[in-house]
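Work through the exercises below with the sequence and the 3D structure at hand. Try each task before reading its solution.

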Amino acid sequence: MAFIRLYKDSDFGACAHICIATLPPSLASSPAAAKLSPYLWTHPYTFLSPSTCYVLDDGTGTAVGYCIGCPDVHTFVAYYSRYIASILSRDVEAPGFGVREPWIIPTNDSTSTGTDNPSSGQVNPLALAQNAYRADWMLLENKSAVTTRWRATMHIDLLPVWQGHGWGRQLIDRFVASVQSSGQDYGEGEHIGVASENSKVVPFYERVGFRVVEGGEREGNIWMVRDIPRD
Ligand SMILES: CC(C)(COP(=O)(O)OP(=O)(O)OC[C@H]1O[C@@H](n2cnc3c(N)ncnc32)[C@H](O)[C@@H]1OP(=O)(O)O)[C@@H](O)C(=O)NCCC(=O)NCCS
């Protein structure tokens, strides 16, 4: 029988697989971008904040879903160099930083001139690699309106056959409880950025206690927050 448990080191590969299997189209359509994705959105949390990372175990020891995150993005960024030293530099070659790479490479059929709209092109693997090495770009830049108030953040993904059975709600409840007991300053609660190409999940988040907020300055994301009361 499936059950929720804390992440352990042996879940590394399964969690990478879950991340890649649930990517939105702009990332899934580029094999290089897909391969890098867990190094931005999965492995940093499980390495630096394992006590706030939960997996859905299918009952055989295999992780088939997760809700992973940290209680305070500011503390997380301050310790990020440990992740670079232990995991990232082992698996992903450091890119050059002479030029800041655009997040999106426009496709030929694109009519948009914007560089941040995923619907107008493919994600640039070089930008992913740069962001993997720069947690401050990824987690703090142009987001102060949400990160100063709702300091926790998380990512949740379940393999398709495990979706729609109530596990998402239970995983988030476990994550929220772990944030409450973390002893870290999570401010008013947690924030998440939902890619606009994945806006179909907004009703799910609203159902489990999140609300959309104005004020996230970065284009291409819908910002949502969930208040987390003090214990
Ligand atoms: C989004 C996701 C995490 C939701 O998890 P889940 O296990 O399927 O959701 P649950 O079954 O726990 O649903 C929780 C509640 O939300 C509701 N819900 C789920 N999806 C919904 C939707 N699309 N619209 C409205 N309500 C929704 C459920 O009915 C349920 O309501 P209830 O508990 O009040 O009865 C999961 O479907 C998933 O991994 N999707 C692919 C990856 C992804 O998009 N991740 C988010 C990236 S931002």
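**Exercise 1.** Find where D11 is placed and decide whether D11 is buried or exposed.

Step 1. D11 sits in the loop that links β1 (3–6) to α1 (12–21). Helices (H or I, at least four residues) and strands (E, at least two) are DSSP runs, numbered from the N terminus.

Step 2. The relative accessible area of D11 is 2%, so D11 is buried. Buried means under 20% relative accessible area, exposed over 50%, and partly exposed in between (1.4 Å probe, protein chains only).

Step 3. When neighbours within four places in sequence are set aside, D11 is in contact (heavy atoms within 4.5 Å) with R5, L6, V55, G61 and A63.

A note on the model: it is predicted, so local features need pLDDT of at least 70 and side-chain atom pairs pLDDT 80 or more, while totals for chains, interfaces and linings use all residues. Residues are numbered from 1 along each chain as its sequence is written, and side-chain values use heavy atoms, with hydrogens and water left out.

**Exercise 2.** Describe the overall build of the protein: which secondary structure does it have, and what is its radius of gyration?

Step 1. The protein has 11 helices and nine strands.

Step 2. A compact globule of 231 residues would have a radius of gyration near 17 Å, and the protein agrees, because its value is 17 Å. This radius is taken over C-alpha atoms, and the globule rule is 2.2 Å times the number of residues to the power 0.38.

Step 3. Of the 231 residues, 47% are buried.

Step 4. Among contacts between residues at least 6 apart in sequence, 73% join residues at least 24 apart.

**Exercise 3.** Which residues come nearest to the ligand, and which side chains have an N or O atom paired with one of its atoms?

Step 1. The ligand has 18 residues around it, and L158, G164, G166, G168 and R169 come nearest. A residue counts as near if one of its heavy atoms lies within 4 Å.

Step 2. An N or O atom in the side chain of R169 is 2.8 Å from a ligand oxygen. For the side chain of R207, the distance to a ligand oxygen is 2.9 Å. The side chain of Q163 has an N or O atom 3.4 Å from a ligand nitrogen.

Step 3. β6 (152–158), α10 (167–180) and α11 (202–207) each give two or more residues to the shell around the ligand. The largest share, four residues, comes from α11.

Definitions and conventions:
A polar contact is a pair of N or O atoms within 3.5 Å; within protein, one must be able to donate a hydrogen and the other to accept it, and residues adjacent in sequence count only if both atoms are side-chain atoms.
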